[in-house]
Amino acid sequence: MKYDIFSADSHGSLSWLVVAAFIIIVLVLFLYKRHKKLQKIRKWLAKSTKQERTDYLNRALGESGFLYDGEQDIFYASKDPWQKKYGYSRIYDEAAALTGMVIDCEPIYFDYDGRRFMLEMWKGQYGMSLGGEVGLYQAMREDGSFYHGVEEADYIGMHMEIYADGRHLLGRNENHWWLTGFVVGQSSRPQNMKMAVSLTFLNRLMCRCFVDGLKRAGYHAGEYQVQGERVRLWFDLPHTHQPSTRGPVRDQIRLGWFHLLCHLFQWYTRRYKTTAEKLIFLQSKAPWLFAIAIRMAKGKDLFEKERES
């Protein structure tokens, strides 16, 4: 049988060939463009200085409220981030697991100078980051349901050293209302993390009031040390009730997912050493993973919902 190039079947075959050729051309152009872009990023990373990479990454973080410390290779919150205006409510801790965080929470409530305060410590898995926080808040409602980060006059000395799986993760020391520190691309379990905390209060009376709060939370004398206006303690296994949104099975699923993403992050960026280099490269290599990696705390949508309620 003679093949007719003008038959309906031949037209259909030609159409599919044209479509296939078009897809291949588009794919080749996409891969070429991507290759050139990655090549350009690699060249820039090779010749850039540590400060240039730090500045680039801080610009990429935009209005996240966090900054990169190139010396320690960690991320931390600035003293006046957007998070401060949203204060603190227990619902934030309850919703943390639903937003990709598996963290231990330890709120300590105490009264001082005719005001109600709450100092809370957090540690655990923040999405694709390991880290911790110490925050000091003052009650803004009589029922103690909402707190605001204290003003500068009430900042206290905060020092934390965080350990994960027996190794030192990071350390920070500053006069602050919200001391934070995060390492991107690492994973662990909150119960395998410890935080050495040292707090220097405004005076001895404030220190004693906080210690009373520690006792009410279940801490015993051997679990903390007091020296003048300073308290030292280990935040290991929480003494207070943890959020109801957490649980062994749910924690395992969430931690397993972020453990996988951290492995993927390290594999994609295996040729680089610092987090700055890794993230700058990842922004071009896998933008979707970069977006997850830099999400180190609760998103604005969560705070907005609570503010409206």
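In this predicted model, Lys-123 lies over the face of Phe-235, at 5.0 Å from the ring centre. A second charge over a ring is found at Arg-270, whose charged end sits 4.4 Å from the centre of the Trp-267 ring.

Rings also meet other rings here, and the structure holds 21 aromatic pairs. One of them joins Tyr-137 and Trp-177 in an edge-to-face arrangement, with 5.9 Å from centre to centre and 90 degrees between the planes. This pair links distant parts of the chain: Tyr-137 belongs to strand β5 (residues 129–139), whereas Trp-177 is in the loop between β8 (167–176) and β9 (178–184), 40 residues apart. Tyr-137 and Trp-177 are both buried. Both also belong to a cluster linked by ring pairs, which includes Phe-66, Tyr-88, Tyr-92 and Tyr-109. The other members of this cluster are Trp-122, Tyr-126, Tyr-147, Trp-178 and Phe-182.

The strands offer another view of how parts of the chain come together. Strand β7 (residues 156–164) and strand β10 (residues 193–200) run antiparallel and are joined by eight bridges. Across this pairing, Tyr-163 stands opposite Lys-194 in β10. Strand β10 is also joined to strand β12 (residues 230–235), again antiparallel, by six bridges. Here Ala-196 stands opposite Trp-234 in β12. Strand β10 thus has bridges to β7 and to β12. When looking at strands like these, it helps to remember that in a regular strand the side chains alternate between the two faces of the sheet.

What about the cysteines? A disulfide is a covalent bond between the sulfur atoms of two cysteines. A search of the whole structure finds zero disulfides. For Cys-207, the closest cysteine sulfur is that of Cys-209, and at 9.2 Å it is too far for a bond. Cys-207 is buried, with a relative accessible area of 1%. Cys-262 counts as buried too, at 3% relative accessibility.

Finally, a word on confidence. The chain averages a pLDDT of 88, and 89% of the residues score at least 70. Over residues 305–309, however, the pLDDT is below 50, and this stretch has five contacts in the model beyond near neighbours in sequence. Where pLDDT is low, the predicted coordinates should not be read in detail.

Note on methods. Residues are numbered from 1 along each chain as its sequence is written. This is a predicted model: local features need pLDDT of at least 70, side-chain atom pairs count only at pLDDT 80 or more; totals for chains, interfaces and linings use all residues. Side-chain values use heavy atoms; hydrogens and water are left out. Rings of Phe, Tyr and Trp (its six-membered ring) pair if their centres lie within 6.5 Å; planes under 30 degrees apart count as stacked, over 60 as edge-to-face and the rest as tilted. Helices (H or I, at least four residues) and strands (E, at least two) are DSSP runs, numbered from the N terminus. Buried means under 20% relative accessible area, exposed over 50%, partly exposed in between (1.4 Å probe, protein chains only). A charge sits over a ring if NZ of Lys or CZ of Arg is within 6 Å of the ring centre and within 35 degrees of the ring normal. A disulfide is a pair of cysteine sulfur atoms within 2.5 Å. Two strands pair if DSSP finds at least two bridges between them. pLDDT is the predictor's confidence in each residue, from 0 to 100. Contact means heavy atoms within 4.5 Å.
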